[in-house]
Amino acid sequence: MSSSIPRSAAVAAVVSAALAAGLLGGASASADDATTDTATATAAAAGAAAPVRIHDIQGTTRVSPLAGKQVTGVTGVVTGVRTYGSRGFWIQDPISDDNPATSEGIFVFTSSVPTVAVGDAVSVNGTVTEYVPGGLNSGNQSLTQISKPAITVLSKGNAVPAPVTISAGSVPGAYTPQGDPAAGGSINGLTLRPDTYALDYYESLEGTNVRIGTSRVVGATDPYSELWVTVKPFENDNVRGGTVYGSYDSQNTGRLQIQQLAPISQKPFPKANVGDWLAGTTEGPLDFNQFGGYTLVAHTLGEHVDLGLEREVTERQHKNELAVATYNVENLDPTDPQEKFDALAEAVVENLASPDILALEEIQDDNGAKNDGTVTAGETLKKFTAAITAAGGPAYEWRSIDPQNNKDGGEPGGNIRQVFLFNPARVSFVDRPGGDAGTATAVTGTKGDAHLSVSPGRIDPANTAWDNSRKPLAGEFLFRGRTVIVVANHFGSKGGDESLVSHHQPPNRSSEAKRLLQAKSVNAFVKDVLALDKQADVVVLGDINDFEFSGTTQALTEGGALFPAITSLPRGERYSYVYQGNSQVLDQILTSPGVHHFEYDSVHINAEFADQNSDHDPQVLRFRP
């Protein structure tokens with residue numbers, strides 16, 4: 001791709017001979033013929049149009065200058081072959097143009113299983129295309145490739161061009177340029193500056209054979225046999241080995257997704273947790289895909305070193321402390337295996353120390369995703385609370401509001417909802433009848449003594465902000481004679497947002513608009529409570545689906561109504577979810593001004609691990625009402 005790519009003398013000779021003999025124009029001469037009369041062949045080539053090289057196709061921007069055009073005689077050496085998924089192979093020109101903005105590698109999409117092998121020197125005819133993983137509406141950058149290829153093998157057994165080393169020193173500290181306003185915020189038309197921006201650097205290596213050295217895992221192995229590493233071990237790192245996403249401008253430039261070329265049936269993929277290492281060399285072509293952007297597709301994978309990351313255990317509350325927790329249990333329903341119920345229950349008892357109040361998100365109805373109109377969740381909750389008791393926990397009771405069928409989003413037929421579990425030996429629930437899917441609870445009482453009109457009840461369910469989304473569940477509790485109002489939430493998801501590697505920079509975050517309205521609704525409710533009792537103990541918690549620095553959190557806290565308790569933690573501990581190698585906040589607990597002193601814990605038991613009971617980490621708040 002650039003002057004940093006070493007030339008392979010043997011392979012360069014084959015390609016140069018092919019150029020001189022006219023093979024790039026489709027001549028039928030053999031590779032041996034190319035060496036018979038160099039002077040004559042060179043003179044003939046001088047009178048013809050210059051052949052198209054890979055760097056000509058790649059160009060100096062993200063979109064090929066030859067997109068949509070036919071090319072012939074594109075030569076290179078095969079550096080990798082993919083026989084599954086998006087089938088095809090990568091080729092690389094061993095002779096660089098010495099322009100760091102142009103890649104010397106490219107993917108050849110065959111659709112069927114390729115017949116070439118690594119080390120083949122080939123000549124390819126085909127159409128230059130820009131494939132957008134996820135489709136045009138995804139906002140993703142495109143992958144430049146050659147489609148509908150006709151392939152001629154010139155020779156076999158050639159040395160693969162030496163890999164470009166991606167390291168902490170080679171990846172720029174700035175993540176991306178700002179998009180061109182005249183192009184709708186797109187960076188597609190901007191000339192690449194690989195010495196200035198990380199995304200430009202990776203794009204300038206698209207299709208190139210690359211390598212990384214020993215690198216730390218920052219995103220655990222997922223069900224699709226992928227993991228994330230960082231080549232910058234000190235970039236926003238935390239003590240457990242992750243890379244923290246602490247602002248919209250802290251995208252973490254050293255992150256890189258790792259896959260392997262060999263099918264899993266032939267070579268198992270390592271099961272790695274955050275903080276583990278891939279030791280030694282990991283090498284292969286640099287791809288771009290829908291679920292992670294730039295991806296090293298390894299033909300050589302470093303050795304997995306397990307550093308033994310342990311699941312955290314929170315402190316047990318003192319007798320005069322109220323422990324309130326939130327846990328997204330990821331679509332729990334009675335059809336799930338008992339092992340899932342038992343594992344979640346064990347986490348509640350052992351890792352969360354049996355909190356007094358536990359707000360659950362993603363409790364499904366009694367037959368899960370079967371879309372038959374069922375909305376009750378009694379069987380789900382009986383099975384879960386029984387598992388908690390069997391694990392040595394308290395005999396939790398529960399309160400919830402059944403949603404209207406398929407009106408609250410989530411998996412069709414699943415009817416997910418929030419639920420309060422509470423330990424009646426420690427805390428009392430104040431039941432006030434009248435709550436249902438469409439009835440709003442209101443704040444009632446007298447000055448200095450705020451209560452809920454219905455408990456449990458929903459907040460503002462008719463507000464369009466909650467269309468096709470989970471309505472907040474409010475409940476009134478008594479702890480040692482003190483009223484505590486708890487609001488369990490599951491805000492709208494980030495579905496539809498563009499990724500950090502979008503060609504729009506900054507990326508479009510369209511889902512924020514809905515969460516902003518939802519946050520304003522909850523904020524208004526809390527202000528109603530505080531208008532009656534400014535020292536009221538109000539806890540707002542759940543899967544907020546947004547960051548502690550987001551506009552959503554700002555709207556929740558507007559006017560000082562709430563405080564995001566996770567910001568009381570050191571920056572390196574502020575996360576509840578790991579996405580594409582970024583440790584980030586989605587789950588939160590927020591407190592009203594009346595909650596003067598508290599202890600907060602993001603209990604890391606899932607998000608950093610390959611084996612997960614949920615993809616979220618639970619949160620715990622302990623305070624004295």
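## Close-up views of a predicted model

**Figure 1. Aromatic pairs across the structure, with Tyr248 and Phe549 in view.** A search of the whole structure, which is a predicted model, finds 16 aromatic pairs. In the pair shown here, the ring centres of Tyr248 and Phe549 are 4.9 Å apart and the ring planes meet at 90 degrees, so the pair is classed as edge-to-face, because planes over 60 degrees apart count as edge-to-face. The two residues belong to distant parts of the chain, 301 residues apart, with Tyr248 in the loop between β9 and β10 and Phe549 in the loop between β25 (537–543) and α8 (551–557). Tyr248 has a relative accessible area of 22% and is therefore partly exposed, whereas Phe549, at 17% relative accessibility, counts as buried; the line between these two classes is drawn at 20%.

**Figure 2. The aromatic cluster that includes Phe288 and Tyr294.** Phe288 and Tyr294 form an edge-to-face aromatic pair, with 4.9 Å from centre to centre and 75 degrees between the planes. Both Phe288 and Tyr294 are buried. Ring pairs also bring in Tyr201 and Tyr202, so that these four residues, Tyr201, Tyr202, Phe288 and Tyr294, are linked into a cluster because ring centres within 6.5 Å count as a pair.

**Figure 3. Charged side chains over aromatic rings.** Arg509 lies over the face of Tyr248, at 3.8 Å from the ring centre, and this Tyr248 is the residue whose ring also pairs with that of Phe549. In a second example, the charged end of Lys494 sits over the ring of Phe547, 4.1 Å from its centre.

**Figure 4. The second largest pocket and its lining.** The second largest pocket has a volume of about 450 Å³. Its lining is made of 22 residues, and those closest to the pocket centre are Arg82, Ser86, Glu226, Gln259 and Asn289. Two elements, β10 and β12 (282–289), give two or more residues each to this lining, and β12 gives the most, with three residues. Sorted by type, the lining of the second largest pocket holds 11 nonpolar, eight polar and three charged residues.

**Figure 5. Two asparagines with positive phi in the loop between β9 and β10.** Most residues other than glycine have a negative phi, and the two residues in this view can be read against that background. Asn236, which is not a glycine, has a positive phi of about 50 degrees, and Asn252, also not a glycine, has a positive phi of about 70 degrees. Asn236 lies in the loop between β9 (227–230) and β10 (255–260), and Asn252 is placed in the loop between β9 and β10 as well. Their surroundings can be described through accessibility: Asn236 has 38% relative accessibility and so counts as partly exposed, while Asn252 has 3% and so counts as buried.

**Figure 6. Two cis peptide bonds that lead into prolines.** Most peptide bonds are trans, but the two bonds shown here are cis. The bond from Ser455 to Pro456 has an omega near 0 degrees, and Pro456 is found in the loop between β21 (449–452) and β22 (457–458). The bond from Gln505 to Pro506 has an omega near 5 degrees, and Pro506 is found in the loop between β24 (482–490) and α7 (512–532).

**Figure 7. Asp200 and the residues in contact with it.** Asp200 is found in helix α4, which covers residues 198–203. At 2% relative accessibility, Asp200 counts as buried because the limit for that class is under 20%. When its neighbours within four places in sequence are left aside, Asp200 is in contact with Arg62, Pro177, Thr191, Leu192, Arg193 and Pro194.

**Figure 8. Val164, Gly284 and the protein as a whole.** Val164 has its place in strand β6 (residues 164–165) and, with a relative accessible area of 6%, is buried. Val164 and Gly284 are 120 residues apart in sequence, and their C-alpha atoms are 9.9 Å apart in space. For the protein as a whole, among contacts between residues at least 6 apart in sequence, 72% join residues at least 24 apart. The protein has eight helices and 31 strands, its C-alpha trace spans about 100 × 50 × 45 Å along the principal axes, and buried residues make up 58% of its 625 residues.

Definitions and conventions:
Residues numbered from 1 in each chain as written. Predicted model: local features only at pLDDT ≥ 70, side-chain atom pairs only at ≥ 80, totals over all residues. Heavy atoms only, no water. Helix = DSSP H or I, 4+ residues; strand = E, 2+ residues; numbered from the N terminus. Buried < 20%, exposed > 50% of the residue type's maximum accessible area, 1.4 Å probe, protein only. 1 Å grid on protein atoms, 1.4 Å probe; cavity = no way out; pocket = protein on both sides within 12 Å on 5 of 7 lines; lining within 4 Å. Points joined across faces, edges and corners; volume = space filled by probe spheres on them. Nonpolar A, V, L, I, M, F, W, Y, C, P; charged D, E, K, R; others polar. Contact = heavy atoms within 4.5 Å. Phe/Tyr/Trp six-rings, centres within 6.5 Å; stacked < 30°, edge-to-face > 60°. Lys NZ or Arg CZ within 6 Å of the ring centre and 35° of its normal.
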